[in-house]
Every structure is written in structure tokens, then in C-alpha cells.
Protein chains: 2
Amino acid sequence: MALKKKPVTGMRDILPGEMEIRNFVMNQIKETYKGFGFSQIETPCVEHIENLTSKQGGDNEKLIFKILKRGEKLNLETAQDEKDLVDSGLRYDLTVPLARYYSSNLSQLPSPFKALQMGSVWRADRPQKGRFRQFTQCDIDILGDASSMAEIELILATTTALGKICPNNAFTVRINDRGILRGMALHCGFPEESLDQVFIILDKMDKIGSDGVKAELLESGYGEQGVDQYLELMTEIKKDAEGVRQLGQILEQVLPKEVSENLAFIMDTVTTVAETDFQLSFDPTLVRGMSYYTGTIFEVSMEGFGGSVAGGGRYDKMIGKFTGVDTPACGFSIGFERIVTILLDRGECVKSETIKKAYLLEKGLDSDRLCEIMKQAMAERKSGVQVLVSQMNKNKKFQKEQLGKEGYTEFVEFYRDALKGN
Amino acid sequence: MALKKKPVTGMRDILPGEMEIRNFVMNQIKETYKGFGFSQIETPCVEHIENLTSKQGGDNEKLIFKILKRGEKLNLETAQDEKDLVDSGLRYDLTVPLARYYSSNLSQLPSPFKALQMGSVWRADRPQKGRFRQFTQCDIDILGDASSMAEIELILATTTALGKICPNNAFTVRINDRGILRGMALHCGFPEESLDQVFIILDKMDKIGSDGVKAELLESGYGEQGVDQYLELMTEIKKDAEGVRQLGQILEQVLPKEVSENLAFIMDTVTTVAETDFQLSFDPTLVRGMSYYTGTIFEVSMEGFGGSVAGGGRYDKMIGKFTGVDTPACGFSIGFERIVTILLDRGECVKSETIKKAYLLEKGLDSDRLCEIMKQAMAERKSGVQVLVSQMNKNKKFQKEQLGKEGYTEFVEFYRDALKGN
């Protein structure tokens, strides 16, 4: 019986060309973070349904692929609703599994624990261009380190990795702190209870600009004086560590000095130590939507990539909510699929250094000849050349074109009789 | 709310130490097959339920993790049975997805197509020691090559990969051909319709030995003369290419000469060309259970591994059953989890060449000092050393012990004031 040929709705097959780019990006990430002492870990793709629906996943909880109970546990007759039918689901992110992993394996993990995860996640989103129901996430987290060393190491490692993946793209790390975000708003007279709304509007800065933000804030009923002061402060403050320290002075009444001092210290250290070339700048408009961030937040954007390629921050309260034990935590998430898509679209960033050579063999070569040819192939492989040995097809031109698409740039043809060509 | 801490039944978290071994094995496999011109591919973990239940998967079809329909498509009221509730499931092997992938993407793939797949598969087996419900399979296949080049390349590549993974373990490739298997049985008087049963008994040779096989064959009612002739032939025939050619002469009446000639040719070529040291031997008792094999079959066993670490063969009829177009195919499956488990148990085979160094920093180092230390770390990382920078914990001894378990062998301690120790 014939198969359904297409992948299931919203998922996709990965062709060899893309696979090479994915492997390249993955390897750079793995090698870089390994150099910084991060340990790679893996959790099952299948997670308890209770963990996936514990209200930590926000809207993603509506998008779970749920897995049917099996055997005696499945009773269709008595099942009242969905809950009675399922016991697990596919993970929709790597954060819930990380929290579970950490609490389950704590005694076997070093403290602080520096974790790298790369793995598939699934969301039953409406299918749309460039957005798939199975995709790879890449999360890097330091659990159990309350000091700014966590931020510094994360920024250094992540910029080093991105620098290796795209050595020709200038990039910028924008950084802020939730405390400063709050402090600035309070300083300009926004009431405590309005902050969530103010930040939702501020978060649109990228899209609607300063005038748009102003208009929306006024529309929401905030006084023009405060709004103007707020936006001016953001514009006027210098975007380096010095600026952050000055801001600390200005916000003295509403924000403990340590917060600005801490951010300035992170910026100074990263700037002094980094070997990759990038711009680090304080961004008082940086909000990052996720409500679980508690301190530093950061985002990396790359020239020509439109939007961010990585982002993260400190979330000291989340792991504890899951595990019952308060655990300081700070992490980065790299936009793996985004980076792969852009590299693919450009077709330039990844240059394989391996020579790819195809040996095309006419049919009917005698045994000695064949052995000789294959020995030659083995020797070339040993020296690092990628050698494909293949029967020569009838349509040799088409065969070479196809292999060209796979990156083969050298063809060696072997014939039974006198050499017919090359 | 607290999470369920343990992974779902039968699945497991992978700790950093094991992850390093898994990555090592994966990288060796990827690099080796890449050198031989194999392309890595990936298919979604979720597959159409129709494809998973098309009767190609044998008993595995009973072990599918099925995925609930979503949204309007799920109607609990009108659902009569399981089939009405699910539209997909987790793949239980990589063969069904490969067949689907090949037929769906044929026009974009070179011919022959040399594919490497490494990925998770899921089976709702009863949980037992060393057997998990999510595990990694590693399949290598050549599709569209009817010639013995496919077998030769597969054996060369696979032995090269295994030689790199376990350079100190002697291993043996045993090889046979389904045609020879049939021919020998027919030659000794077993009737055509009995062959399946005969092979099931013969397949137990490893476990019950020649006497056991004889006893079972007699028990099943086969004549003693034929059984004796059969077992003697197996014992007496030489286990090299020469022996295969002689066997070809003996089986002349029941087996076309090409079959033995082909097998002998594969053996000769592999022996001449291989650079890895292994034993290649003809094994007339090799059956390999899977009924879909049509020609050459092979199995690799490694000293001290007990049982096979890889196996495969030619299956020229299967892809066509799925896709409707006959496609010659030959493949290897490497026992990835098996190899990882044994490497883990021994704790010897994988020696990381990377120096792992931990910098332990006393709290309160001043900014300049910290920058200096971190610059030093960056420089060491650049030269290939793995450097973990961490706050010094109160219980320094325990911290170092933990890091020692992660493979850290050098510790550098940094103090605020005069050096207290090293």
C-alpha cells in the first residue's frame, strides 16, 4: 500500500543542503559553549501533561500535541473529556523540561549548573510561511549563580558563538534591567499599578517609534509631562556603562544603587574582555515580553537579520515555582531556526572547507581496477577530502548537475577502456 | 505549583557525562559517512498514522505513541474508537520515514541517494533495564544502486566509523546472502515452503549452537540425512571468498552463479580496500530476522560487546511497496544506544583530548582583577582549553569533587588578597 508522501501538516523534511547548515550552526554552538564550561543535556521530547499544563507556558499550552494513553489506561467509554484520554504531550519549549531536569537530577549536577540544550519542540500553531510545528530551540542557562558572572559569561559565550557562525555580520547586544525599566517609569510619575501597561506600549518602540509610543501612552490617559520626561530621559541618557551610572544617580529615590552599578559592571567587564567585535549598548526601551524576567535582560540583533537572533535575561523566580526551591537563573535563547533560514536564503555565510569530489565509475570495471580506485578514495578520505564513489549514470550531465547542487566541485570519471574524457 | 520531577515512564534525562559520549559517537559517525559522500537528512518525529500502521512495521505498530487530533477535528462525542481520535503518531523507526522522504523529495535528491539518519524513535514497550521508550537510531542507506558498490561502500564506511569509535576493539563483519541461504537449504532437500521455518530455527544458532539447531530441525520433522548434510555443509565450507565461490559450484543446480560470484566479489574488494583492521567472514548461518531483506545481509560484532553492534542488508522490494516505484536499496543500522551503553559502562573508550580547567573565583574580586582573569580564560579557550569560570562555593572541596566528575582535572583558584593556596 502506498504511503502518504508529504510530511504531516506543518512539519517538514530537511534536505541535505539545509542539514549541512544546521550541523554547522549546531557544531559552532556546541563547541563554543563547551569551551566556556557549559554541559550539553537532553530531556525526553515527551513530557507529563501535568507539567505542560502548569500555567508556566502561557499561550503555548494551547498548542500542545497531546499523546493518547495506551493499553488499559485508555478507556474511551468512560472518558468525559480530553483530560481523560491523554497522559503526556510533546514539549513546547525547553524551559519546562529544564526545570524538571534540574530538580530531578540536582544531586548529580555541579553548582552552578551551566546547561546547553538543543532540541526539537512542537507547537500546533496555524501553519504559515517560515513557521513550522516542529522546530529546534537552543537554550543556554546558568542555574544557581546569583552573581553577575552569569550574565558576563552568557554574553561572552553567546557573542563568541554568533561571531563564529556569521563572522562577517556586525552585531549589537542591547542590555537593560527590569529594575531600571521600573525605576525610570516610577521616576517619571507612572504609578506602580500602570507599569505592565506602560511596558507593553514601550515594547512596541521598534515598530511604532518614539512618536507612536508617545501617542499610545497619551491615549491611555497618562499625563503629557510625565510621558515627555520619560521619552526624553530615554533619548538623552548615554548608552554606555557611564550612562547607566548617571541614570543610577537620577533614579536614586526609586532604585537601589546596586541595580545600576551591577548593570554598568556587566557592561564594563564584557567590553573589556570580549574578543569578538560587537557593539554593547544600554537600551532603556528594551522590555522583552516574558513576564518571568527579574533582572538583567538582553537581546542580540545582527545586521541584515531584521529582528533579534538571540535574547534572554535573568529569571530568579521561575525555577523555584516549578521545583519548590528558589534558584537564581539566567539564560539565553538563540534563534536557531531564524539563523539557519537566513544563512540558507543568503547561501553565502557557510563555506565548507572540505573538498567534495565525486568518482563516477563506468559499469563493468574489472575487480583489480575497482579495488585500485576505491583504495584511492580511501586515501583521499583519510586526508580529509569527501569522496563520493558512484556508478556513472546514463545521463552523466544530469548526474553531475545534481551532485553540483550537493556541493561537489570535482568529478573524476573512470572508464573501462581508454580514457574518453574528463 | 510543583512539577512531576521524574521523566515520563520509560524515558530518561541524559546527564552531561553521557551526553559527551553520545556526541563523540555521533560526531564520529557523521564525519565518517560524510567522508564517504553520505548526506545527513532529517524527517519529522511525528508521522501520519496511516503510514505508521501500513503493516510494514511488524510488531512495532502495536507500540505507537499516538497523537490526539486537535481543535474541531477532535470530536469525543462521535468517536467510536481510537482511530477516530488520532491523526498521527511518533515514529517507531527511521525506515518508514525514509521511504516517505525519498518518494516525496525524489526530484531534489541525487541518484543513487546515500542517506545518513540519526534521530529519536519511540516505542511504548514495557519498560525494562537498558531499554527505553525514546531512543536514538542510526540508519545509513543507499537508495537507487542495484550494484554491489552499495554493499562495498556501506561495509567500508561502517567499519571505518566503528574503528574510530572503538579503536581498541577487534571486530568481525559476518556476511551472507539470502539467495545462498535459500540455495543451501534447497540443496539439502528442504522444501521451498519450509524455508521460513528452517531459517527461524537456524537463526538461533548463536544461542543454542549446532546441536540445538539440529535437535529443533529434527523435532520439526525434517529428515536426519538432510539436516546433517545441511549442518555439515555449513561447517565445512571455508569462510572466505574462495569458500563462497566453491559453495557456488556446489549449489549450481539451485542458485544462479551470479549470486555467489557477487558475494565473493564484495568480500574480495572489501578485504583489499579496507584500511581498518577487522575480520570479514562468510557466515552461512547468518539469517537476520527481518523478512524484507532480498540479497546480501551483514552483521558486525565487536569483541567484548556480546551480540551485534550493527547490521543490515539489501532490501530491493521495500521502498517500492511504500512508494509504488521499485527502488534497489541497501542499508546498515548501527546500534547507537548499545554502543553508548557499553562505552559508558566501561568508562574507558572515550578519552577527551580537551583539557578541562576550572577557575574558581572568591567572591568580591575587584573589577580590574576580574577582567584580567576572564581575559586569561578567553585566551585559554581560544587555544582549545575548556575553561569553566565559577564563583568559589563555600564548600570548595565538594565543588571540586563535583567538577572532577564532569572531567575537570585542573583547578585554578583566585583570591581577593594574598594567595591562600592552590
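In this predicted model, a salt bridge joins the side chains of A:K4 and B:E50, with 3.5 Å from N to O. This pair belongs to a wider set, for the count between chain A and chain B is eight salt bridges. Polar contacts add to the picture: 41 residue pairs are found in polar contact across the interface of chain A and chain B, with both partners at pLDDT 80 or more. On the side of chain A that touches chain B, helix α14 of chain A (residues 367-382) gives the most, contributing nine residues. Sorted by class, that side of chain A holds 52 nonpolar, 32 polar and 25 charged residues.

It helps to look next at the extent of this interface. The size of an interface is often given as the accessible area lost when the parts come together. Here, about 9500 Å² is buried between chain A and chain B, and carbon and sulfur atoms give 60% of that area. Within chain A, the residues that lose the most area to chain B are A:L3, A:M149 and A:M378, which together make up 7% of what that side buries. The contact draws on 109 residues from chain A and 109 residues from chain B.

Salt bridges can also be followed over the whole structure, where the count comes to 68 over all chains. One of them lies inside chain A and pairs A:R12 with A:E337, whose closest N and O atoms are 4.0 Å apart. A:R12 sits in the segment before α1 of chain A, while A:E337 is part of helix α13 (residues 336-346) of chain A, so this pair ties together parts that are 325 residues apart in sequence.

Attention now turns to the enclosed spaces. Searching the whole structure yields nine cavities of 30 Å³ or more. The largest cavity has a volume of about 610 Å³. Its lining is made of 35 residues, and those closest to the centre of the cavity are A:M26, A:E42, A:M118, A:G119 and B:E42. Both chains take part in this lining: α1 (16-35), β5 (113-122) and β6 (134-143) of chain A each supply at least two residues, as do α1 (16-35), β5 (113-122) and β6 (134-143) of chain B. By class, the lining of the largest cavity divides into twelve nonpolar, 15 polar and eight charged residues.

Technical notes:
Residues are numbered from 1 along each chain as its sequence is written. Chains are lettered from A and ligands numbered from 1 in the order in which they are written. This is a predicted model: local features need pLDDT of at least 70, side-chain atom pairs count only at pLDDT 80 or more; totals for chains, interfaces and linings use all residues. Side-chain values use heavy atoms; hydrogens and water are left out. On a 1 Å grid over the protein atoms alone, a cavity is a set of points where a 1.4 Å probe fits but cannot get out, and a pocket is an open set with protein on both sides within 12 Å along at least five of seven lines; lining residues have an atom within 4 Å of a point. Grid points are joined across faces, edges and corners, and a volume is the space filled by probe spheres set on the points. Helices (H or I, at least four residues) and strands (E, at least two) are DSSP runs, numbered from the N terminus. Ala, Val, Leu, Ile, Met, Phe, Trp, Tyr, Cys and Pro count as nonpolar, Asp, Glu, Lys and Arg as charged, and the others, Gly among them, as polar. Contact means heavy atoms within 4.5 Å. Buried area is the accessible area (1.4 Å probe) that two parts lose on being put together, summed over both. A polar contact is a pair of N or O atoms within 3.5 Å; within protein, one must be able to donate a hydrogen and the other to accept it, and residues adjacent in sequence count only if both atoms are side-chain atoms.
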